[in-house]
Amino acid sequence: MDKLLELYQTWAGTEPAHVEKIAGQGSNREYYRMTGADGRNIIGVKGTSCEEDHAFVYLTSHFTQRQLPVPQILAVSDDESCYLQTDLGNRSLFDALRGGREAGGRYNQEEKELLVRTIRELPNIQMRGARGLEWENCYPQPEFDTDSVLFDLNYFKYCFLKATELDFNELKLEANFRLMAKELTSEKMDCFLYRDFQARNIMLDAEGNPYFIDYQGGRKGPFYYDLASFLWQASAHYSFKLRRQLVYEYYESLKNYTEVPSVRHFVDRLSLFVLFRTLQVLGAYGFRGYFERKKHFLDSIPAAIQNLRDLLKLGERVFPYPYLLDVLRRLTELPQFAPVQTPEVQRQDGFKITDNNIYLSHPEDGPATFSKYDGKGPLVVHVYSFSYKKGIPEDPSGNGGGYVFDCRSTHNPGRYEPYKKLTGLDEPVIRFLEDDGEILTFLDSVYRLADHHVQRYIQRGFTSLMFCFGCTGGQHRSVYSAQHLAEHIHDKFGIEVEITHREQGIHTVLPANRK
């Protein structure tokens with residue numbers, strides 16, 4: 001501390017009027033807010049690693065020359081173990097996002113705007129910050145390479161995977177690790193990899209503009225890494241929609257600094273780095289949680305495992321490491337990582353409440369309430385064809401009806417003599433409609449709506465869902481559409497489907513074939 005006070009006096013010409021120690025965020029460096037007689041605040045830093053201190057001082061001086069939003073270095077001791085920097089205040093992005101984070105990822109417009117500003121500024125420090133940077137000054141190494149990737153993957157293996165006692169073939173896993181490390185480092189980039197890009201390391205000025213701190217672990221590397229680190233921070237609970245928006249904002253901003261790859265290539269590469277970062281994070285959680293017994297890290301594991309589940313859905317097209325994927329799938333299926341199940345409770349008014357449901361809840365909402373029709377099951381789907389001239393079919397279930405689709409915008413085979421006495425079940429009409437193609441485009445949209453709706457009704461245990469297709473006479477287009485949707489739902493979900501071609505007097509049942 002004496003050395004820091006001496007540095008301040010040399011710089012200011014007087015001793016500070018007040019010194020206050022600032023709580024650190026896991027760093028070995030000590031931070032002090034030092035207030036001068038004129039009321040001006042600066043930050044004094046006392047480090048413990050000469051190489052790390054040198055990296056921060058060098059990078060800050062370089063970024064300042066590039067006019068990037070970082071603190072300015074005001075004075076440095078001869079051995080660089082102490083330095084003074086401008087005070088960026090007390091408000092970090094992490095603090096500013098507290099409301100949305102504690103609401104389980106429900107961020108308001110102001111919070112989203114702060115995220116957009118931050119993510120659009122990231123390419124600035126990554127690309128402009130790399131220009132003219134002398135990489136040998138970086139700590140602990142100048143470049144992201146295969147050795148550093150393998151170190152992190154093995155950190156995951158030893159500190160997390162083995163602690164779960166999951167059985168795996170270490171040689172096969174190591175072979176996939178080497179393939180992954182080779183792929184992660186296959187694209188060489190003249191880019192500054194921040195390494196620890198997170199909300200705690202971003203300070204906000206009075207107008208909400210972001211300033212960057214704690215980049216002393218940065219090095220030369222791919223820009224995907226920082227984006228993955230930031231947006232897939234498990235505790236942030238960013239929704240898929242918000243992540244997609246922020247990835248788009250980053251991609252558009254990146255175009256201002258460099259030539260960008262295609263969207264498909266960009267997304268695939270980003271997904272690979274997201275998987276890598278997820279394994280890194282699990283390794284850290286395993287060490288801090290399983291070995292050091294720190295509750296915060298143990299509590300963070302389920303969210304990271306859920307991120308992993310979501311990633312595994314992308315499969316081998318994006319992650320061509322079959323044995324690694326097999327191990328990770330089995331990992332996510334371990335009983336200790338299963339989602340917490342809460343039994344249903346019956347309220348006195350007959351409605352059920354549950355925390356074990358298909359909807360993601362937010363803490364401020366409390367438990368969801370459901371209708372008395374929930375959980376009755378199994379679902380039976382009713383599909384009708386009809387003529388608009390004779391009215392829309394009634395719903396015998398008492399639920400008030402479901403979807404009604406108007407087929408009259410598609411080409412009508414009934415206008416042509418050869419088909420007038422046939423229906424949408426006859427081969428010549430089917431061939432006419434499919435050769436024309438309009439009905440196929442029409443049904444593509446119907447299938448997407450129907451699939452989601454059927455899946456949701458199955459999950460909720462509802463018993464009845466109705467789809468109706470109308471055309472002029474209820475003979476050709478509506479019959480074809482109703483029959484094909486019914487067969488599509490039956491083939492895909494295996495549930496009972498009742499088909500009624502009302503104007504043709506035809507009623508058939510496709511029985512359930514799955515339990």
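These questions and answers deal with helix packing, burial and cysteines in a predicted model.

The model is predicted, so local features need pLDDT of at least 70 and side-chain atom pairs count only at pLDDT 80 or more, while totals for chains, interfaces and linings use all residues. Residues are numbered from 1 along each chain as its sequence is written, and side-chain values use heavy atoms, with hydrogens and water left out.

Q: Why are α7 and α12 called roughly perpendicular to each other?
A: Helix α7 (residues 170-184) and helix α12 (residues 322-332) pack at an angle of about 115°, with their axes 8 Å apart. Angles under 35 degrees count as roughly parallel, over 145 as roughly antiparallel, 65 to 115 as roughly perpendicular and the rest as oblique. α7 and α12 are therefore roughly perpendicular.

Q: Which residues make the contact between α7 and α12?
A: Lys172, Leu173, Asn176, Phe177 and Met180 do so from α7, and Pro322, Tyr323, Leu324 and Val327 from α12. Contact here means heavy atoms within 4.5 Å.

Q: Why are α5 and α8 called roughly antiparallel?
A: The angle between helix α5 (residues 109-128) and helix α8 (residues 224-231) is about 155°, and their axes are 11 Å apart. Set against the cut-off of over 145 degrees, α5 and α8 are therefore roughly antiparallel to each other.

Q: Which residues of α5 and α8 make the contact?
A: On α5 they are Leu115, Thr118, Ile119, Leu122 and Gln126, and on α8 they are Asp226, Leu227, Phe230 and Leu231.

Q: What makes α8 mostly covered?
A: Eight of its eight residues are buried, where buried means under 20% relative accessible area, exposed over 50% and partly exposed in between (1.4 Å probe, protein chains only). The buried residues of α8 pack against several elements, including α5, α9 (240-254) and α10 (263-291).

Q: How many disulfides does a search of the whole structure find?
A: The search finds zero; a disulfide is a pair of cysteine sulfur atoms within 2.5 Å.

Q: Why does Cys50 form no bond with Cys82?
A: The sulfur of Cys50 has its closest cysteine sulfur in Cys82, 10 Å away, which is too far for a bond.

Q: Does Cys50 count as buried or exposed, and why?
A: Cys50 counts as exposed, because its relative accessibility is 53%.

Q: What makes Cys191 count as buried?
A: Its relative accessibility is 0%, so Cys191 counts as buried. The closest cysteine sulfur to that of Cys191 is in Cys138, at 11 Å, too far for a bond.

Definitions and conventions
Axes fitted to C-alpha atoms, helices over the stretch in contact; angles between N-to-C directions. Helix = DSSP H or I, 4+ residues; strand = E, 2+ residues; numbered from the N terminus.
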